[in-house]
Amino acid sequence: MATVLICRRFPRLSRVTTFSTAAKCKAEGGSSKSNQIKEEDPETASSRTESAATIQLLNPLGYRVSYNPSAYAKSRAASQQHTAGTSDQALGDAFTSPDATQVQHSVGATSSQALPPIKNALPKQKSTPLPKPSIPTHLSAAQTKEEAEKEKAEMHDSKEDPRVFQKGRPEYRSLSCDKSEPVETLPLEEGDAILHSVALSKDHQSPGAITDYFRKLSRLPAEQHAELLSKPRFNMLCRCAVKNIRLFSTSDLIDVLKACVHLAVPPTHPMLNACESEFCRRAWDMNLDQLLLVADCWRCLERNVPSYLSILFSYVNMHWKDLTLPQFVQLIYIIGEGRRSPADLTQKVESMILKYMDSFTLEEVGAICLGLFKSVSGISDHVMRKIADRVSLQMEDMSTYALVNVLKMLRYTRIDHLPLLKELGKVIPTRIPAVNIQGIMHITLSCSALHYFDEGIMTAVAMALPSKVTYCRSKDAAKFLWSFGCLDYEPPNEEEFYSSLIEQLHRKLHEFKKFPEHLLTGLLGLAFVKRFPEELIDFALREEFVRKTRSSKYELKKDLFTLSKSVEIECPSYQGSLLPPQLCQEITEMVLNFAEQEIYVRPEIVEASSLLESVLGGPEYVKNHMILPHARSSDLEVHLAMDGRPIPFNSQNPVVDMKLKDIGVSLTDDLMTQLIKGKASSQSPVETENEAGDPSQEEPQTPHAFLTDAGLQVEPKSGRWFEPPHSLALVQQPQRVKLALQVSNRNHYCYSSKRLLGLHCLKRRQLQQLGYVVVELPFWEWFPLLKRTRLEKLSYLHYKVFNPALLSRAA
């Protein structure tokens, strides 16, 4: 089936439909930290934008799978330097004192993933109309300005106030600067009179008078502030303040700083340099309330003050036992906004959280989680579970903003708190329509990162998103696509959902030059659900874009490799850019080197490989390797002849004897009774490798279905091949059947389920398209067997390889 839709300025999209997938299972919790990144202003033209494009639906070649890109699996802190600007001409050299320079500040950024429900996908006969095309390549000046203003408004509207928790207790009034607090407006005439007075006696103003002038001027109407800051007489007042700064009392100096907050003085203003230096000088003579208030003023001014914060943290470290609950919460807020995590405070922070856990308001719990998340602060599983316990019991009373902040920390710590996740599925779907786009993104990403699939949550997100899609930043759109692809979920409005997000990727194409990781994340998420927007893929695999990925703070080579190879396999009609062979070879070697050290040597894989050699007759019949290196997991490859007999093919282990050796496994009545009636022993420790625990998963019984075929003969006759079940020889078979045995683990599945994750679905789909028959050794069967007898394991593997259904599938 090939359906072609024509839509102006929309990418050609290869849509590969699927066959039904095998049973999917629960997945480990993924890690991801995420900081907001300010996106650049939209440009009016994007690279190689065409006026018309086709969307092509191609016939399916296999079934679905999901995967997690390194851009959201790993995160590296990115340093971002911000130096204070020099004084403007009106202020002159009086504000450029050598000790008043702005310092650098480092900001970390990170993120994560999840998975969806099992569903049989049939070829689509119809597709819904695509959304209207985005802005044309060439715009008039008026249109460009209008779009820029619209996007600016969208980004502003999509943000929440992180200071809501301060409204819950009166104590925060002495710890924070409330810009929204109503004040009596100062008449303009009185403001002019103050400035006139400054001009008359500029060299004879007392600190008290200067402070009073600042207090009064801060009460001018907000629309007059910009004009005030540009007046020479206001700059003269600032000079007076700097000249007399050491004569100010601490309370007066704080009032001057608060006035700067209300007047929205730019963070690089020279007077603030002098204020910062003076507060650092006298910090040890201030009390904790004053220190926290000044830190909050710097936050309101959006000025980075790492030197001041270092002094604050040292002071707090010495007076830790004196912290009240509001002081502690305000401190965590300051730590988060400063993106700094003092290592020597970690244990003290945890002890304080446990001390006040039952006394925090729900908004304070959210503020604490956000502060820890933004500062990339580690927290123990025990403390995080205590927080999750509290939230799961009171979620209905919690604001969505506070709840989202808890979810951010939950995914960062990789905690699988099932009661919270289940309660989330009850509470959040009805709230989704009223949540801003970034909040919805974090909810979706948290489910994906924890590999937790809840159809109610995902459907609510999908239904609400198309009407809000223009509020998406490039990373929002990318993470939505990644999350749905990782969970392998196609919602009821899938065509509208995916079309709107793909169109948004086109609108944000200019941003991907600065944030290339976002485009790859989105395209990989689409690949998991068999959607391949060819124009975007061509853009991502061009030499120019590949070069840009090298300067990213993320390692993106593997993601490029996965995307390029997936397109080669699943889109045979694709004519766009691909990675050059030399680069593919380089990445392949990197992936294989990692596999040799970390994957091939895993106990469950080593055991399966060794026993298969015994079952089949030697190492030349089994190859433990990556059939598809771009899918990043190993396979045990086995070849069978048309009559079901194994074929030697592993050239690394040359055939010495074409006949199997006896292994002495007899299927006696006692063994049959033991296997059929016996229960599996407890799970092997390797089952918990690289995953969050799942207390809800019941211990699986030892699989014994493979022992029920009367034709099965485990013990080979001396000097002869293993005899496959008689039924295999009756099936019309191809000349050679290639088996790809998958030794799965819980990391391959959705949490607390048998739903396969996206990347692994993609891999199995592509193996089938390349002619392999996929055979799984699922962890719920194989891991318990690792602690059983050798005979049981051999019997199990014999059944898996010589299962009559395999050759019928291959035929």
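Guide: A residue counts as buried under 20% relative accessible area, as exposed over 50% and as partly exposed in between, with a 1.4 Å probe and protein chains only. This is a predicted model, in which local features need pLDDT of at least 70 and side-chain atom pairs count only at pLDDT 80 or more, while totals for chains, interfaces and linings use all residues. Residues are numbered from 1 along each chain as its sequence is written, and side-chain values use heavy atoms, with hydrogens and water left out.

Visitor: How many helices and strands does the chain have, and what share of its residues is buried?

Guide: Helices (H or I, at least four residues) and strands (E, at least two) are DSSP runs, numbered from the N terminus. The chain has 31 helices and 11 strands, and 58% of its 811 residues are buried. Taking contact to mean heavy atoms within 4.5 Å, of the contacts between residues at least 6 apart in sequence, 84% join residues at least 24 apart.

Visitor: Where is E302 found, and is E302 buried or exposed?

Guide: E302 is found in the loop between α9 (288-300) and α10 (306-318), and its phi is near 60°, a positive value in a residue other than glycine. With a relative accessibility of 52%, E302 counts as exposed. D488 also needs a look, since D488 has a positive phi of about 55° although it is not a glycine. D488 lies in the loop between α19 (474-486) and α20 (494-507), and with a relative accessible area of 0% D488 is buried.

Visitor: At what angle do α19 and α20 pack, and which residues meet?

Guide: For such a reading, axes are lines fitted to C-alpha atoms, for helices over the stretch in contact, and angles run from 0 to 180 degrees between N-to-C directions. The angle between α19 and α20 is about 145°, and their axes are 9 Å apart. The crossing is left-handed, a word used if the near helix is turned anticlockwise from the far one by less than a right angle, with right-handed for clockwise. From α19 come A477, F480, L481 and F484, which meet F497, Y498, L501, Q504 and L505 of α20. These residues divide into eight nonpolar, one polar and no charged, where Ala, Val, Leu, Ile, Met, Phe, Trp, Tyr, Cys and Pro count as nonpolar, Asp, Glu, Lys and Arg as charged, and the others, Gly among them, as polar.

Visitor: How far apart are the axes of α7 and α8, and how do the residues of their contact divide?

Guide: Helix α7 (residues 250-262) and helix α8 (residues 270-282) have axes 11 Å apart and pack at an angle of about 145°, again in a left-handed crossing. On the α7 side the contact involves T250, L253, I254, V256, L257 and C260, and on the α8 side M271, L272, C275, E278, F279 and R282. They divide into nine nonpolar, one polar and two charged.

Visitor: What span should the 13 residues of α10 have, and what covers its buried residues?

Guide: The expected span of a helix is 1.5 Å times one less than its number of residues. For α10 this gives 18 Å, and the end C-alpha atoms are 19 Å apart, which agrees. An α-helix has 3.6 residues a turn, so residues three or four places apart point the same way. The buried residues of α10 include P306, L309, L312 and F313, and their cover includes α8, α9 and α11 (325-337).

Visitor: How many residues of β8 are buried, and which strands does β8 pair with?

Guide: In a regular strand the side chains alternate between the two faces of the sheet. Seven of the seven residues of β8 (residues 635-641) are buried, with D635, E637, H639 and A641 pointing one way and L636, V638 and L640 the other way. Two strands pair if DSSP finds at least two bridges between them. Strand β7 (residues 623-625) pairs with β8 in the antiparallel sense over three bridges, β10 does so over six bridges, and β9 (residues 646-647) runs antiparallel to β8 with two bridges. L636 has L741 as its bridge partner in β10, and N624 has L636 as its partner in β8.

Visitor: Which way do β10 and β11 run?

Guide: Strand β10 (residues 736-743) and β11 run parallel, joined by six bridges, and Q742 stands opposite E776 in β11. Both faces of β11 are covered, with Y772, V774 and E776 buried on one side and V773, V775 and L777 buried on the other.
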